[in-house]
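Welcome, and please bring your viewer to the front. We will go from stop to stop, selecting a few side chains at a time.

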Number of protein chains: 2
Amino acid sequence: MRIAQVAPLYEAVPPGAYGGTERIIAALCDGLVEMGHDVTLFAPRTSETIATLEAYEDPLRERFDADELVNLAPHLHLQMMADLYARRDEFDVVHSHLDIWTFPFARLFDTPTVLTMHGRLDLDFLHDLLPRYGSVPLVSISNDQRRAVADLDLTWAATVYNGLDFSTYGDVSHDPDGYLGFVGRIAEEKGPLAAIEIARRCDLPLRVAAKVDPLDEPYYEEEVAPLMGPDVDFVGEIDEQQKPPFYAGARATLFPSDWPEPFGLVMIESMAAGTPVIALRRGSVPEVIEDGVSGFICDDVDEMVEAVRRVGDIDPDACRQRAERFSAQAMCRGYVQVYEQLTRARAADAHIPAQRQERVPTT
Amino acid sequence: MRIAQVAPLYEAVPPGAYGGTERIIAALCDGLVEMGHDVTLFAPRTSETIATLEAYEDPLRERFDADELVNLAPHLHLQMMADLYARRDEFDVVHSHLDIWTFPFARLFDTPTVLTMHGRLDLDFLHDLLPRYGSVPLVSISNDQRRAVADLDLTWAATVYNGLDFSTYGDVSHDPDGYLGFVGRIAEEKGPLAAIEIARRCDLPLRVAAKVDPLDEPYYEEEVAPLMGPDVDFVGEIDEQQKPPFYAGARATLFPSDWPEPFGLVMIESMAAGTPVIALRRGSVPEVIEDGVSGFICDDVDEMVEAVRRVGDIDPDACRQRAERFSAQAMCRGYVQVYEQLTRARAADAHIPAQRQERVPTT
């Protein structure tokens, strides 16, 4: 199949460091090429892929100021989309990761276009916008993600769980006597304070491998840093090479995320290292973690403290095996099913002149 | 000709009060219909027009907060454009007033699309964006407006000066012994402080008919209000009915605008009342004012003071006659020429398959 993939222009694919969406797009493109598909990736020029790269722009995040991010960035994304759709006959399917900027193009052309919603959907303006494009096929990255818009008449093509290439995780082995780990971003909704409390109540050392965004610096300085002590090791942001040993060295990864997490890559990375995840029951958690097999799903901090004490009950090999459900290959198979479904639907409509297929919406 | 006109969704067409672009679109649509054209106006639902109204949204400015203006408003404009281009076969030409949101659609479809640039062009992000769409036909509202982007390779179809319906100005007659007038918006670049200084040096009363935007309130409170005195009458914003007597009652209208004004409707309204305009030589001023006939073009405040003393040299009837060059009819004729030029160009290309005509840009 001839597949166009469209990435945001903010970060390279894969990203230098933090950037979940870009890591997923990278794994998806490489996986689809390995399956024999003809993949063209529209992405920043510093991207690295075995797909054909249509190189746009140096990544915007590192060079745009706030004014440019608001006034110029949207138009660079729209320009990329206009370029892509001018070449629409070269593709059997367009898979966009540009969120709502995709909609006008998906409405205007009968080239099958599917849009993965990578972010949270519980935002007021989305509630207004999404039903205006109710017929555009969407992919959710967990079933729970759809809950915030369950009252809207939308076209969900599938849930396709995020997947990663876990080959580098084969080299490490889980240390059942290690520290407690916290990976991600320092932000209130990620629950770093709960992680510190849990570690102290369990009398175990905590290692925090986390990024502090400029936006989150006040929170870090005022709320998190004062609680640090010799029992909390803040190691900063870690890269893809550092992750397998970091996860494997932990007896458990704490995931006290207190918001409707749409997916949560930290969970599957930890599982791939054989390290159980102790998580709050929020968002996608019950779909990603199998309670008692790859970790424990808890309703509050007390239960998380209790779960740390039971972490030896988890078999690291069974935990690791569960990560296979979230491999890059599994994700690619899921998306290929979506693409096939859309191209079959188009073929079935092929006797209708293209003009007729355009949806002229009522206002 | 079947003409689609697309207005911004922020204000009704015509607007309740301040809103130059919306007043121009209103005059253009009504004028084109009167010329016998088939005009469809895509605009907020509270608009009033003799064209066919495709009614979208209640005007956004009065109901959207800052978050919605950034996150939702662009998408409502894109949705309207997607709806319009899904019906592109119904129109011979699309005339957009949506600024740069028009570009991706203009690139993707061979329905002739022309875009009037209503705002200032001396902004950094425009300098980056405009050349990416160098083949899209643009209309400037003065020749001077193009100066900021003179180094870029753009397609200027024409300069079409703004025009208004001056029928209500026929009922008033110019008072050569009246006050000095200032009309517009209280903002530093509009020069209200210069207007006060000029009136005082001439020992004449000043009447200020101006809007204070929320954004400009600190400037008004700190810089302008302290200089007010019994010789300065601040009458606030005036509507279309109040304008003819306000202009006619002034011996001259002061236009000390100190930025590259792209057009300046105040000047032509004053001319229509037979009231000369005393203006700084900036932006469009030398194209709109004929020095010594419809006002005086000055290089500084000293020259403006001197010009007030010579205002009796101007013949109000000659001044009024100059406004005819900026009538709604003149503007409509200018745009029809542009539309004809674009549709002729399309007809000449008609033997080339539509697919071939799409421009696939290099990146």
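Which side chain meets that of A:Glu269 in a salt bridge? Select A:Lys243 to see the partner: the two side chains are 3.3 Å apart, N to O. Before going on, please keep in mind that this is a predicted model.

**Stop 1: around A:Glu269**

Colour helix H8 (residues 243-248) and helix H9 (residues 265-272) of chain A; A:Lys243 lies in H8 and A:Glu269 in H9, so their salt bridge ties together parts that are 26 residues apart in sequence. Both A:Glu269 and A:Lys243 are buried. Now add A:Arg23 and A:Glu240 to your selection: with A:Lys243 and A:Glu269 they form one network, joined by salt bridges that share partners.

**Stop 2: two further salt bridges**

Over all chains, the count of salt bridges comes to 54. For one of them, select A:Asp92 and A:Arg2, whose side chains meet at 3.0 Å, N to O. This pair links distant parts of the chain, 90 residues apart: A:Arg2 is in strand S1 (residues 2-6) of chain A, while A:Asp92 sits in the loop between helix H3 (73-86) and strand S4 (93-96). A:Asp92 counts as partly exposed because its relative accessibility is 24%, and A:Arg2 likewise counts as partly exposed, at 31%.

Next, select A:Arg132 together with A:Asp128; here too the side chains meet in a salt bridge, at 3.0 Å, N to O. A:Asp128 has a relative accessible area of 28%, so this residue is partly exposed.

**Stop 3: a patch on the surface**

Switch to a surface view and pick A:Glu188, A:Glu217, A:Glu221, A:Glu222 and A:Glu223. What do they form there? They gather in a patch of negative charge. Zoom in on A:Glu222, found in helix H7 (residues 217-224) of chain A. Is A:Glu222 buried or exposed? A:Glu222 counts as exposed, because its relative accessibility is 58%.

**Stop 4: the cysteines**

How many disulfides are there over all chains? The count comes to zero. To see one case, select A:Cys298 and A:Cys202: the sulfur of A:Cys202 is the closest cysteine sulfur to that of A:Cys298, yet at 11 Å it is too far for a bond. A:Cys298 is buried, with a relative accessible area of 2%.

Finish in chain B with B:Cys332, which is in no disulfide; its nearest cysteine sulfur belongs to B:Cys29, 8.7 Å away. B:Cys332 counts as buried, at 1% relative accessibility.

Technical notes. Residues are numbered from 1 along each chain as its sequence is written. Chains are lettered from A and ligands numbered from 1 in the order in which they are written. This is a predicted model: local features need pLDDT of at least 70, side-chain atom pairs count only at pLDDT 80 or more; totals for chains, interfaces and linings use all residues. Side-chain values use heavy atoms; hydrogens and water are left out. Patches are made of residues with over 30% relative accessible area and no salt bridge: like charges are joined within 9 Å, nonpolar side chains (Val, Leu, Ile, Met, Phe, Trp, Tyr) within 5 Å. Accessible areas come from the Shrake-Rupley method with a 1.4 Å probe; for residues, only the protein chains shown count as cover. A salt bridge is a side-chain nitrogen of Lys or Arg within 4 Å of a carboxyl oxygen of Asp or Glu. Lys and Arg count as positive and Asp and Glu as negative; His and the chain ends are not counted. The place of a charge is taken as NZ of Lys, CZ of Arg, CG of Asp or CD of Glu. Helices (H or I, at least four residues) and strands (E, at least two) are DSSP runs, numbered from the N terminus. Buried means under 20% relative accessible area, exposed over 50%, partly exposed in between (1.4 Å probe, protein chains only). A disulfide is a pair of cysteine sulfur atoms within 2.5 Å.
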